[in-house]
Amino acid sequence: MPKDMHTDYAIFERRESEARSYCRGFDTMFTSASGSHMTDTDGRRYIDFLAGCSSLNYGHNDPDMKSALIEHITADGLAHGLDLHTDTKSDFLTAFEEHILKPRGMDHKLMFTGPTGANAVEAAMKIARKVTGRHNIIAFTNGFHGVTMGALAATGNGYHRGGAGTTLHGVTRMPFDGYMGADVDTTDFLEAVLNDASSGVDAPAAILLETVQGEGGLNAARPEWIKRVAELAKEHGALLIVDDIQAGCGRTGTFFSFEEMGIEPDLITMAKSVSGFGLPLGLVLVRPEHDVMGPAEHNGTFRGNTHAFVTATVAIRKFWADDAFQKDLAKKTGILTEALEKLADIVGDGRLKGRGLMQGVDVGSGELASEICGRAFEKGLVIETSGPNDEVVKVLAPLTTPEDVFREGLGIMLDAAHDVTAQSNIAAE
């Protein structure tokens, strides 16, 4: 293809919808990527601390996954299989059973949904309603579960909810851990309304939560809070749905974000890094007694993804067959926390948020966070914000980032914060 067909930058403004988002903060055209680096049309390399919003936990173009995928394609392996029995799906299910489910004592079955996390959430909500015969879903303040209509009803963000253009039904919002201050245990309120027949809250089919709210500002719930929510769900006949779409696949330090919390979710939604390679793959883990959907009752042309099965199998066997990778994540978590403490000091009133390698700093305003991320991009780092007002500088580096590159990227982030705060101080004088 002629080079000029790759480099028409103006085509985005002419023809791409105004709904485009991430590209607005990164004014360049990327052409290639490897590991934790991305390269643009000018040949400039950037360190990637966005990782496809946690869709690339194992980095860009992992060589083992790439090799397996190329081999599959060149051997005329299936490119699309609906939900037919295929060798690639068998391999993935076997690897997932052997290295993920059995070591954790989990008996869940896997339901392949449409390729997005939102579709997995939609399926989980439908399962809970069918199992219980109830309609109400309890979700939490600042939760983000997708922007299709059912998932959007459970999403807290007003901007995204406004995009629906109509009323959103079937969800009751409850305060997340810490929402009413550190001294208030919001499970007391949840318990009170569930116990009160006159609270106006209909008996829930499910309680849906993220253990760490990625888009909501890296709000990390305490394990004891999560355990109490799980107990209340069971006491009141509701299913517990854990949305592990962003927080799963090692992002918080373990494969699932809820490990070692003493809970066993009825349903777990996953997507993003499940494929390991950035390929779309959404699924719901379902306890066998709740596997009630009839054939094709929740369907979709792209339920399952043959190419994603190939790379996902490699990812599981490569990173989760033993505990070496998890131990490396613990080490990197310490490095990240140390750097974020410095960032909090630089901005003055910064507050650390999140858990594992899903951490950031609330710098006090969306304007300041955006300025820091913008300056970091100028210096060669791709990093984004999160939170209801974009006030959190959020680090989502690939989990496989080499330590020297990780430290280099964190150094750029800190240098950017120094630059921005220094400019602010000069302007104030």
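A residue is called buried when its relative accessible area is under 20%, and exposed when that area is over 50%. The exercises below apply these cut-offs to a predicted model.

**Exercise 1. The chain as a whole**

Task: State how many helices and strands the chain has, and establish how its radius of gyration compares with the globule rule.

Solution.
- Step 1. The chain contains 13 helices and 17 strands.
- Step 2. Its radius of gyration is 22 Å, close to the 22 Å that the globule rule gives for 429 residues, so the chain is as compact as a globular protein of that length.
- Step 3. Along the principal axes, the C-alpha atoms occupy a box of roughly 60 × 60 × 45 Å.
- Step 4. Of the 429 residues, 52% count as buried.
- Step 5. Among contacts with a separation of 6 or more, 72% are between residues 24 or more positions apart.

**Exercise 2. The two faces of helix α3**

Task: Determine which residues of α3 are buried and which exposed residues lie on the face turned away from them.

Solution.
- Step 1. Helix α3 covers residues 63–74, which makes twelve residues. From first C-alpha to last it reaches 16 Å, close to the 16 Å expected at 1.5 Å a residue.
- Step 2. With the cut-off of under 20%, the buried residues of α3 are Met65, Leu69 and His72.
- Step 3. Viewed down the axis of α3, these buried residues fall within an arc of 60°, so they line one face of the helix.
- Step 4. The general rule helps here: an α-helix has 3.6 residues a turn, so residues three or four places apart point the same way.
- Step 5. On the face turned away from the buried side, α3 carries the exposed residues Pro63, Glu71 and Thr74.
- Step 6. The buried residues of α3 pack against α4 (87–101) and α10 (306–319).
- Step 7. The surroundings of the two ends complete the description. At the start of α3, a side-chain oxygen of Asp62 comes within 3.0 Å of the backbone nitrogen of Asp64. After the helix comes Asp76, which has a positive phi near 60°.

**Exercise 3. A threonine among the helices**

Task: Decide whether Thr88 is buried or exposed, and list what it touches.

Solution.
- Step 1. Thr88 belongs to helix α4.
- Step 2. Its relative accessibility is 7%, and Thr88 therefore counts as buried.
- Step 3. Leaving aside residues up to four places away in sequence, Thr88 touches His72, Thr306, Phe309, Val310 and Thr313.
- Step 4. Of these, His72 is one of the buried residues of α3, while Thr306, Phe309, Val310 and Thr313 are among the buried residues of α10.
- Step 5. The side chain of Thr88 also forms a polar contact of 3.1 Å with the side chain of Thr86.

**Exercise 4. An enclosed helix**

Task: Explain why α10 is described as largely enclosed, and identify elements that cover it.

Solution.
- Step 1. Helix α10 has 14 residues and spans 20 Å between its first and last C-alpha, close to the 20 Å expected at 1.5 Å a residue.
- Step 2. Eleven of the 14 residues are buried, so α10 is largely enclosed by the rest of the structure.
- Step 3. The cover over these buried residues includes α3, α4, β4 (109–112) and α11 (324–347).
- Step 4. The N-terminal end of α10 is capped by Asn305, a side-chain oxygen of which lies 3.2 Å from the backbone nitrogen of His307.

**Exercise 5. Assembling a sheet**

Task: Work out how the strands β1, β2, β3 and β15 are arranged.

Solution.
- Step 1. The four strands form an open sheet in the order β1-β2-β3-β15, with mixed pairing.
- Step 2. β1 (30–34) and β15 (381–382) stand at the edges with a single partner strand each, so one side of each lacks a neighbour in the sheet.
- Step 3. β1 and β2 run antiparallel and are joined by four bridges; Phe30 has Asp40 as its bridge partner in β2. Their hairpin has two residues between the strands, and Gly35 in the turn has a positive phi of about 60°.
- Step 4. β2 and β3 are also antiparallel, with three bridges, and His37 is partnered by Ile47 in β3. Four residues separate the strands of this hairpin, where Gly43 has a positive phi near 85°.
- Step 5. β3 (residues 45–48) pairs with β15 in the parallel sense over two bridges, and Asp48 stands opposite Val382.
- Step 6. Strand β2 (residues 37–40) is covered on both faces: His37 and Thr39 are buried on one side, Met38 and Asp40 on the other.

Note on methods
Residues numbered from 1 in each chain as written. Predicted model: local features only at pLDDT ≥ 70, side-chain atom pairs only at ≥ 80, totals over all residues. Heavy atoms only, no water. Pairing = 2+ DSSP bridges. Expected span 1.5 Å × (residues − 1). Buried < 20%, exposed > 50% of the residue type's maximum accessible area, 1.4 Å probe, protein only. Arc of directions from axis to C-beta. Contact = heavy atoms within 4.5 Å. Polar contact = N/O pair within 3.5 Å; in protein donor to acceptor, adjacent residues only side chain to side chain. Rg over C-alpha atoms; globule rule 2.2 N^0.38 Å.
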